[in-house]
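The following exercises concern a single protein model with a bound ligand. Each task is followed by a solution in steps.

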Amino acid sequence: MCGIIGYVGTGNTADILMRSLKLLEYRGYDSSGVAFCSGKSMEVFKCPDRVSVLEDLVKGHGENAKSGIGHTRWATHGSVSFKNSHPHQAGKVTLVHNGIIENYKELIQTYHIENRLLSTGDSEVAAVLLDEHYKGDPYAAISETVELLQGTYALVMMFSDRPDEIYAIRKVSPIVVSEQENGKLLASDLNALSTVCREYFVLPEKTILKMSLSELSLKDLSGKDIKPEYEQMDFGFEDLDKKGHPFYMEKEIAEEGTALRRCLASYAADGLPSFEDEGLDHGFFCRHKHIVICACGTSYHAGLLSKRIFEKYAGISTEVYLSSEFIYERPLMEEDSVLVVISQSGETIDTLEALRCGRKEGKESLAIVNVKGSSIAREADHVLYMEAGPEIAVASTKAYTCQLAILYLLAFAFAKETKQDGEDIAKLIEEMRKAPDLIEAVYEERETYHDLAKRLKDQKSVFMIGRSLDYYILMEAALKMKEISYIHCEAYASGELKHGPIALIEKDTPVIACLSQKDLLAKESSNIKEVRARGAKVFCFIKESIRKDFVQKVEVFALKDLPDDLMVFSAIPVFQLLAYYLAIEKGVSVDKPRNLAKVVTVE
Ligand code: F6R
């Protein structure tokens, strides 16, 4: 959360910073700010608003500056206000911060710096302490200051007596760096670098980066030089273009078929799952008898659904935990467990902590990640990349589909390597290959869901009911609806209704039922009758081939046919589109819903 940026060079600094901040804005959009160094003077512009508002403030400034830093904030400590916006200034120091300095209150007391603080947050404390320690040597000041900080940080700093020098250091919170013809750029993630570079490196933790017009260097805290390890970017700015779609979310749903095709091509060869190139050989699948999955939000929902698939096809016991709870639950992991963490961004701090916790206990770990080179990808023993391409909209769509595809293929690989002859598996993979076309067909029929959204947009609350895999599909559908349309929506296992939630059903309460599993037709039909008897208005999303057997007088929407266990692939885009159009109809911010951010780096 929070996006930070720094540039030194001969380009148009204002333009470069504003363009990069826009590409980082999905990390947080409570406030934004920049500081330019023009000779000996430092100009700071900030506002408790989005980058588009900042852009107006900055107009006509910073073009001739040779260096500058910027920030887009997701508020944690301290309200959304001007004084809590970054950059913070203290004496000679101008600073932006991503992360949380957990002991900031103790530091304020110990160093008696209350009177120097204008803000109510944690970040300004770092700026003041840095200024207190700064006696002309940035390395000494930074080293002494970070020794005092507990928590996580990516700090980017300028000193007024050292024009056009930028320093940075990080712990946990990411910083990536690139060098191009006209200068050097650092940012919280690769999206911000994508306009200008093909090569980058990840700043190692607790390493001081210095960027000036003539220098780019790294030193550890003992002063030893460190060599950056450059990597190639595998996407460019063109991948971040909306390509004619009004919102990233729509673009990403439209791309879901292509993303899934690419993912399947990466991990299924000759019709069977194939992970050897990623180091998952026969030994890997044989030595693990248990799977423990940790993830958050949408990634957690993919994990939940996959438990059924792992247990059914591979007969391997699977536990799924919310990353944020994993460290408290401390489940007794068997010796032969593999820890699987799932994260689109690869930076979610709760998932990173769960990974670290499992690795500390000596567990082999496998990360399913979308963003290449992210912290989780770097720290896990094995990585499978989702190949979904950049996902910018805060609401995750195509990444969910690709996460699931990998989890299914992993389950099939466990099955193939440990017990089955592979024939059933090959058939299922063949069926999975049909999913991308079906997803694209759903997208083509999007107006159907737009029409439904027009009718549901004024609802305060929507119920979703389903059994077995449908329940997990609906958990994800409900999350999508909540987070971008702000309609309260809960998914219930249909059989649980009568144990409490049915008390909430009254005349005209909207209930969305999902019925994608043939064997559940009778039971789910009864549950639909139960809510109808209490006056609910039911919208039933049913697998096309069983539609004729469902005879109730409710509004019905057909879900495209795949084998029951694969129905999530044709059902989920329907619910993603419904949530999308609800947000459109309500006129709320589709890609940047309130209070959220794409990359969640606070616990
Ligand atoms: C919902 C959504 C979030 C993320 C969650 C985990 O649409 O995007 O719930 O799924 O914050 O993020 P990652 O997968 O990056 O760890």
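**Exercise 1.** Which residues of helix α5 (residues 138-148) are buried?

*Solution.* The model is predicted: local features need pLDDT of at least 70, side-chain atom pairs count only at pLDDT 80 or more, and totals for chains, interfaces and linings use all residues. Residues are numbered from 1 along each chain as its sequence is written, and side-chain values use heavy atoms, with hydrogens and water left out.

Step 1. Helices (H or I, at least four residues) and strands (E, at least two) are DSSP runs, numbered from the N terminus. Buried means under 20% relative accessible area, exposed over 50%, and partly exposed in between (1.4 Å probe, protein chains only).

Step 2. In α5 the buried residues are Pro138, Tyr139, Ala141, Ile142, Ser143, Thr145 and Val146.

Step 3. These buried residues pack against α4 (123-133), β7 (151-159), β8 (165-171), β12 (207-212) and β13 (216-220).

Step 4. At the N-terminal end of α5, Asp137 acts as a cap, with a side-chain oxygen 2.9 Å from the backbone nitrogen of Tyr139.

**Exercise 2.** Determine whether Thr13 is buried or exposed, and list what it touches.

*Solution.* Step 1. Thr13 is placed in helix α1 (residues 13-24).

Step 2. Thr13 counts as buried because its relative accessibility is 0%.

Step 3. Leaving aside residues up to four places away in sequence, Thr13 touches Tyr7, Phe36, Gly62, Glu63, Ala65, Lys66, Ser67 and Gly68; contact means heavy atoms within 4.5 Å.

**Exercise 3.** Describe the surroundings of the ligand.

*Solution.* Step 1. A residue is near a molecule if one of its heavy atoms lies within 4 Å of it. There are 15 residues around the ligand, of which Ser299, Ser343, Gln344, Thr348 and Glu483 come nearest.

Step 2. Polar side-chain atoms lie 2.6 Å from a ligand oxygen atom in the case of Ser299, 2.6 Å in that of Ser343 and 2.5 Å in that of Thr348.

Step 3. Taken alone, the ligand exposes 400 Å², and the protein buries 89% of that.

Step 4. Two or more residues of the shell come from each of α9 (297-314) and α17 (469-485).

Step 5. Domain 2 (242-433) and domain 3 (446-590) each give at least three residues to the shell; the bounds come from an automatic or database domain assignment.

**Exercise 4.** How far apart are the C-alpha centres of domain 1 and domain 2?

*Solution.* Step 1. The assignment places domain 1 at 3-240 and domain 2 at 242-433.

Step 2. Their C-alpha centres lie 33 Å apart.

Step 3. Across this pair, 16 residues of domain 1 are in contact with 16 residues of domain 2.

Terms used
A polar contact is a pair of N or O atoms within 3.5 Å; within protein, one must be able to donate a hydrogen and the other to accept it, and residues adjacent in sequence count only if both atoms are side-chain atoms. Accessible areas come from the Shrake-Rupley method with a 1.4 Å probe; for residues, only the protein chains shown count as cover.
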